[in-house]
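Take a moment to turn the structure around on your screen before reading on. We'll walk through the sheets, and then we'll look at the ligand.

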Amino acid sequence: MKILFLDQSGNLGGAELCLMDIAKPYREDCLVGLFAEGEFKKLLEDEQIPVKVLNQQPIEIRKESGVVQGIGQIGQLLPLIQQVTQTAKAYDLIYANTQKALVIGAISSLLSRRPLVYHLHDILSVDHFSRTNRWIAVTLANRCASWIIANSESSRTAFIEAGGKAERVSVVYNGFDVEKYQASRRSSSEIRQALGIEQKFVVGHFSRLSPWKGQHILIEALAHCPDPVMALLVGDALFGEQDYVEQLHQQVHALGLGDRVKFLGFQSDVISLMAACDLVAHTSTAPEPFGRVIVEAMLCGTPVVATAAGGAIELVQPNQTGWLTPPGDVQALAAVVNQCHHSPETAQTIAHAAQEQSRQRFNLEEVSRQIHEILLRVGSR
Ligand code: UPG
């Protein structure tokens with residue numbers, strides 16, 4: 001089956017890393033059409049997945065856009081719609097991986113008469129999207145998409161609550177190449193030595209720097225933990241959140257934590273770093289649609305504490321495969337960090353159980369099989 005995948009981003013966010021794994025089995029016969037240049041294109045090329053940037057103009061519509069701004073920007077999308085429609089004629093199916101890809105993909109699907117599948121990586125709630133953008137996403141999905149793949153039960157539920165048709169959505173979790181998390185790690189002691197953190201209790205945070213990802217919660221929690229406890233913040237601001245980055249640096253300075261917080265920026269090898277951490281913290285302040293980092297930490301065998309909201313609740317069984325703390329609850333997070341610091345054996349037992357379970361639950365081969373079944377069904381209609 002020939003598939004035209006569409007993604008708006010040139011940056012490497014979770015939706016893009018997920019798409020890369022989904023597209024791999026189709027690399028002989030697919031095209032990933034991007035709406036921006038960037039690192040994602042390079043990664044796809046490295047993986048020998050055909051890729052083309054279909055748009056040379058940045059698209060200005062944002063998650064929080066209102067109706068007037070939205071309509072005002074439709075004009076700039078016309079050349080892109082035309083190009084996607086032309087391109088789609090050589091493929092059997094359009095697979096939209098992001099919201100802007102849904103907008104373009106839906107119109108092109110009507111014009112090219114190719115079926116559309118929408119992979120929903122977001123929770124369509126007021127926490128994340130303007131009312132206009134929620135309405136656009138749900139209306140286009142209902143009218144134009146043959147099938148919707150939601151990345152968690154939470155994303156599926158929010159979609160239905162926003163008016164989405166329940167009978168056309170299935171939940172498929174992100175899949176992971178589980179062997180990669182065992183095999184390709186550099187030695188943890190080498191990494192800790194290189195970073196000068198051998199004697200520390202290291203709490204890793206792996207996410208783009210963005211207010212709702214809650215790096216500030218971990219920094220604040222650190223102030224309630226003893227000195228050997230430190231944080232590694234891995235990730236960069238991908239969508240222009242420079243004010244937040246500045247705010248984080250000021251917070252570290254104000255709390256006197258300068259030597260206990262390291263900003264590592266975006267790293268392509270997160271596996272080695274995660275394996276070198278004593279604990280991984282997920283601190284999103286709004287419900288996380290899925291939470292790749294939680295599963296990745298589990299696969300690495302590193303204990304994980306996550307925010308009890310959205311997809312994270314589906315991934316972590318409290319006190320069995322990790323810990324859950326209420327969103328924004330600094331004291332609760334600090335308590336878990338201190339508990340893991342004081343009882344590393346218990347933390348390791350829990351991490352081991354999580355590793356065993358996640359290798360079964362999030363196996364990429366099984367996930368690819370589920371996706372392929374959906375695509376075959378849609379393609380044969
Ligand atoms: N990552 C890197 N390098 C870094 C920092 C992060 O490779 O320096 C990776 C990280 O390991 C993870 C990904 O980036 O694999 C980020 O994942 P996540 O925070 O889950 O993704 P989002 O960008 O927020 O993407 C959306 C949803 C999220 C869901 C994901 C896939 O918000 O909940 O897990 O899509 O469906």
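In what order do the seven strands of the open sheet line up? Reading across, you get β3-β2-β1-β4-β5-β6-β7, with parallel pairing. Keep in mind as you look that this is a predicted model. If you're new to sheets, here's the basic idea: strands pair up through backbone hydrogen bonds, and the pairing can be parallel or antiparallel.

Now find the edges. β3 (51–53) and β7 (169–171) each have a single partner strand, so one side of each has no neighbour in the sheet. As you step from one strand to the next, the twist averages 20 degrees.

Let's zoom in on one pair from this sheet. Strand β4 (residues 93–96) and strand β5 (residues 116–120) run parallel and are joined by three bridges. You can pick out a facing pair here: isoleucine 94 sits opposite leucine 116 of β5.

There's another open sheet to find, and this one is made of six strands. Its order is β10-β9-β8-β11-β12-β13, again with parallel pairing. Which strands stand at the edges here? They are β10 (261–265) and β13 (323–325), and each has a single partner strand, so one side of each is left without a neighbour in the sheet. The twist in this sheet averages 25 degrees from one strand to the next.

Try following β13 to its partner. Three bridges tie it to strand β12 (residues 304–307), and the two run parallel. Among the residues involved, alanine 306 has leucine 324 in β13 as its bridge partner.

Time to meet the ligand. It's surrounded by 23 residues, and the closest are His121, Lys213, Gln267, Glu288 and Glu296. Where does this shell come from? Domain 1 (3–174 + 363–379) and domain 2 (180–361) each give at least three residues. Helices join in as well: α1 (14–23) and α13 (292–300) each supply at least two residues of the shell. Sorted by class, the shell has nine nonpolar, nine polar and five charged residues.

Some contacts are worth hunting down on screen. An N or O atom in the side chain of asparagine 151 lies 3.0 Å from an oxygen atom of the ligand. For asparagine 174, the distance from a side-chain N or O atom to a ligand oxygen is 3.2 Å. Glycine 291 uses its backbone instead, with an N or O atom 2.9 Å from an oxygen of the ligand. How much of the ligand does the protein bury? Taken alone, the ligand exposes 700 Å², and the protein buries 94% of that.

Note on methods
Residues are numbered from 1 along each chain as its sequence is written. This is a predicted model: local features need pLDDT of at least 70, side-chain atom pairs count only at pLDDT 80 or more; totals for chains, interfaces and linings use all residues. Side-chain values use heavy atoms; hydrogens and water are left out. A residue is near a molecule or strand if one of its heavy atoms lies within 4 Å of it. A polar contact is a pair of N or O atoms within 3.5 Å; within protein, one must be able to donate a hydrogen and the other to accept it, and residues adjacent in sequence count only if both atoms are side-chain atoms. Accessible areas come from the Shrake-Rupley method with a 1.4 Å probe; for residues, only the protein chains shown count as cover. Helices (H or I, at least four residues) and strands (E, at least two) are DSSP runs, numbered from the N terminus. Ala, Val, Leu, Ile, Met, Phe, Trp, Tyr, Cys and Pro count as nonpolar, Asp, Glu, Lys and Arg as charged, and the others, Gly among them, as polar. Domain bounds come from an automatic or database domain assignment. Two strands pair if DSSP finds at least two bridges between them. Axes are lines fitted to C-alpha atoms, for helices over the stretch in contact, and angles run from 0 to 180 degrees between N-to-C directions.
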